[in-house]
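Dear colleague,

I am passing this structure on to you, and since it will be new to you, I have set out below what was found in it. Please have the sequence and the model open while you read.

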Amino acid sequence: MVNIHKRQMNKEWKRRAGRPIIAGITAGMLMVHGVIGVLPSQAHAEASDVSIRNWYSYQRITVPELKPSWTAKVDNYLNMNETYVGVNAIAEEGKVFTFAGSKLIALDATTGKRLWTYGKELTPYITYQSGILYGLTIDHKPYALNAKTGKAIWQSGTSTWIDTYNRTEALVPTVDTLYVIKGSTTFALDIQSGKLRWEADEPLGEGNGTEYLRESNGVVLRTFFVQGALTSLQLNAYDKKTGKKLWGHFGQGEAIQIKDGLVYSADYYSSILENDESSPERKWKVNAYNLKTGVLKGSQEYKWTMPGDPPYVNGYGGIFSNKDKLYILQGDAIAEYPLTSSNPGTAPLRTFHRPYGENMVWLGVTQERLIFKNGNTGELTGIKLANGQEVQWHGDAPVSQIDVYGKGMYRAQRNGTLLVLNMMSGQSVFRVSTGGDLHNTTLKTNGMIIIQTEGKLLGVKLPASLK
């Protein structure tokens with residue numbers, strides 16, 4: 001290696017030493033011919049102040065690439081600075097409903113053919129129930145359309161516009177009522193005519209309501225972010241017919257279960273107040289209230305001890321129900337309990353180890369797996385309920401959007417591809433080139449997936465294994 005290096009240095013020295021001779025000869029030749037020539041000066045590239053190369057990259061996954069059956073241009077709502085966030089595309093019964101030129105359009109999910117167009121300058125929000133589409137005009141008046149024909153059924157004369165900075169917006173159709181959520185205000189409209197039945201606001205919410213709304217036995221439940229000694233959730237109940245507020249409980253979250261005239265709700269506030277960094281003792285409390293009156297009928301405490309030495313972190317995480325089980329995140333473990341129990345000191349049926357890593361957010365339970373998301377990267381990790389085994393799903397580029405339908409995990413990536421995995425086996429199935437960096441929810445209907453990327457939709461036929 002040393003000799004090679006010396007030879008390279010000698011060659012470089014000779015090359016540099018020969019430059020003045022060649023330049024002199026060239027200049028002499030120019031003068032002989034009576035031409036005054038000016039040689040170009042040597043150019044130097046400007047040096048950067050900082051230059052860092054990142055050699056880390058995802059391992060490329062070799063998998064069949066499927067071609068889209070069709071592509072359609074639509075309005076782009078994927079600007080990261082977009083102030084309005086709505087549900088601007090849905091797929092139902094073999095059709096895709098979305099917006100182009102601020103008009104609502106319907107596409108055949110198999111062919112991409114446009115079936116009909118409705119309205120102009122519409123608010124980009126749409127939802128569906130039993131063959132009917134529900135949306136909002138530019139001035140936020142709800143409307144209803146026949147999803148097959150695009151013909152208007154009704155348009156409400158009531159504007160649901162609320163001028164709040166951090167507004168939550170949602171349309172929630174039920175059997176006989178269309179609820180419109182705007183921040184901390186709830187509008188209830190007759191679903192057959194669009195006529196406003198009632199409007200109710202939670203003033204302590206100051207416009208900060210959630211998307212949660214649930215009907216049960218003539219009662220409407222909603223949650224809000226309310227400022228007290230600390231900001232916490234508040235659970236309210238309203239009479240379905242009149243909108244009259246029946247009761248409200250500060251610190252209570254959405255209903256875990258509604259059964260036998262009781263609504264079961266986790267107490268978020270008392271657990272925060274009781275938190276003591278010097279004590280390892282922790283507990284969640286679930287309260288049972290009379291659905292109609294809000295009277296407390298009972299409580300169930302779930303206790304655990306934090307491992308290690310003080311100071312102890314708060315140790316409180318998510319609390320979810322799935323089928324007849326309750327799952328509580330307890331520090332580094334997830335405990336499983338019977339959903340309803342009245343026994344003090346109830347021990348968990350079993351526990352699972354929480355996935356390792358900082359900023360792991362618990363999303364819930366699906367496909368018999370506890371699902372966690374890394375808050376920094378967006379990557380998902382699962383814990384199998386059958387045996388507690390940790391499972392991970394990997395792509396070959398940073399993630400933009402992940403959606404799960406049955407066994408299929410649809411991973412839209414920041415390199416312009418959608419990678420599809422079998423969630424149960426972890427194996428990659430196929431990929432699609434999307435040509436986009438940002439993606440919205442991947443939709444699924446009638447054996448097709450609909451990929452939403454910047455300014456376009458792509459329809460892809462699913463293989464039989466994922467239909």
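Asp-176 is partly exposed, with a relative accessible area of 31%, and its side chain meets that of Lys-240 in a salt bridge with an N to O distance of 2.9 Å. Please keep in mind throughout that this is a predicted model. The pair links distant parts of the chain, 64 residues apart, since Asp-176 sits in the loop between β10 and β11 while Lys-240 sits in the loop between β16 (231–239) and β17 (245–250). Lys-240, at a relative accessible area of 18%, is buried, because the limit for that word is under 20%. Asp-176 and Lys-240 also belong, together with Glu-215, to a network of salt bridges.

In the whole structure, the search finds 15 salt bridges, and two others may be worth your attention. One of them joins the side chains of Lys-285 and Asp-267, at 4.0 Å from N to O; Lys-285 lies in strand β20 and Asp-267 in strand β19 (residues 262–267), so this bridge ties together parts that are 18 residues apart in sequence. Lys-285 is partly exposed, with a relative accessible area of 21%, whereas Asp-267, with a relative accessibility of 8%, counts as buried. The other is formed by the side chains of Glu-379 and Arg-411, at 2.6 Å from N to O. Because Glu-379 is in the loop between β27 (369–374) and β28 (380–384) and Arg-411 is in strand β31 (residues 408–413), the pair ties together parts 32 residues apart in sequence, and both Glu-379 and Arg-411 are buried.

Strand β20, which spans residues 281–290, also holds Arg-282. Arg-282 is buried, with a relative accessible area of 3%, and a polar atom of its side chain lies 2.8 Å from the backbone oxygen of Ser-279.

Turning to the nonpolar interior, the largest nonpolar core has 24 residues, and those with the most contacts inside it are Tyr-134, Leu-171, Leu-178 and Tyr-179. Several strands give two or more residues to this core, among them β7 (132–136), β10 (169–173) and β15 (219–227), while β11 gives the most, with 4 residues. Apart from this core lies another, of 17 residues, which includes Trp-304, Ile-319, Ala-335 and Leu-339. Tyr-134, to return to the largest core, touches residues including Tyr-125, Trp-154, Leu-171, Leu-178 and Ile-191, where residues up to four places away in sequence are not counted.

Two sheets complete this account. An open sheet of 4 strands runs in the order β1-β36-β35-β34, with antiparallel pairing; β1 (70–73) and β34 (443–445) stand at its edges with a single partner strand each, so one side of each is left without a neighbour in the sheet. From one strand to the next, the twist averages 20°. Strand β36 (residues 456–461) is joined to β1 by 4 bridges, and Leu-457 in β36 is the bridge partner of Ala-72.

An open sheet of 4 strands is also found in the order β30-β31-β32-β33, again with antiparallel pairing, and its edge strands, β30 (399–405) and β33 (428–433), each pair on one side only. Neighbouring strands of this sheet are turned against each other by 15° on average, with direction ignored. Strand β32 (residues 417–422) pairs with β33 over 5 bridges in the antiparallel sense, and Leu-421 stands opposite Ser-428 in β33.

With kind regards

Terms used:
Residues are numbered from 1 along each chain as its sequence is written. This is a predicted model: local features need pLDDT of at least 70, side-chain atom pairs count only at pLDDT 80 or more; totals for chains, interfaces and linings use all residues. Side-chain values use heavy atoms; hydrogens and water are left out. Buried means under 20% relative accessible area, exposed over 50%, partly exposed in between (1.4 Å probe, protein chains only). A polar contact is a pair of N or O atoms within 3.5 Å; within protein, one must be able to donate a hydrogen and the other to accept it, and residues adjacent in sequence count only if both atoms are side-chain atoms. Two strands pair if DSSP finds at least two bridges between them. Axes are lines fitted to C-alpha atoms, for helices over the stretch in contact, and angles run from 0 to 180 degrees between N-to-C directions. A nonpolar core is a set of buried Ala, Val, Leu, Ile, Met, Phe, Trp, Tyr and Cys residues joined through side-chain atoms within 4.5 Å. Contact means heavy atoms within 4.5 Å.
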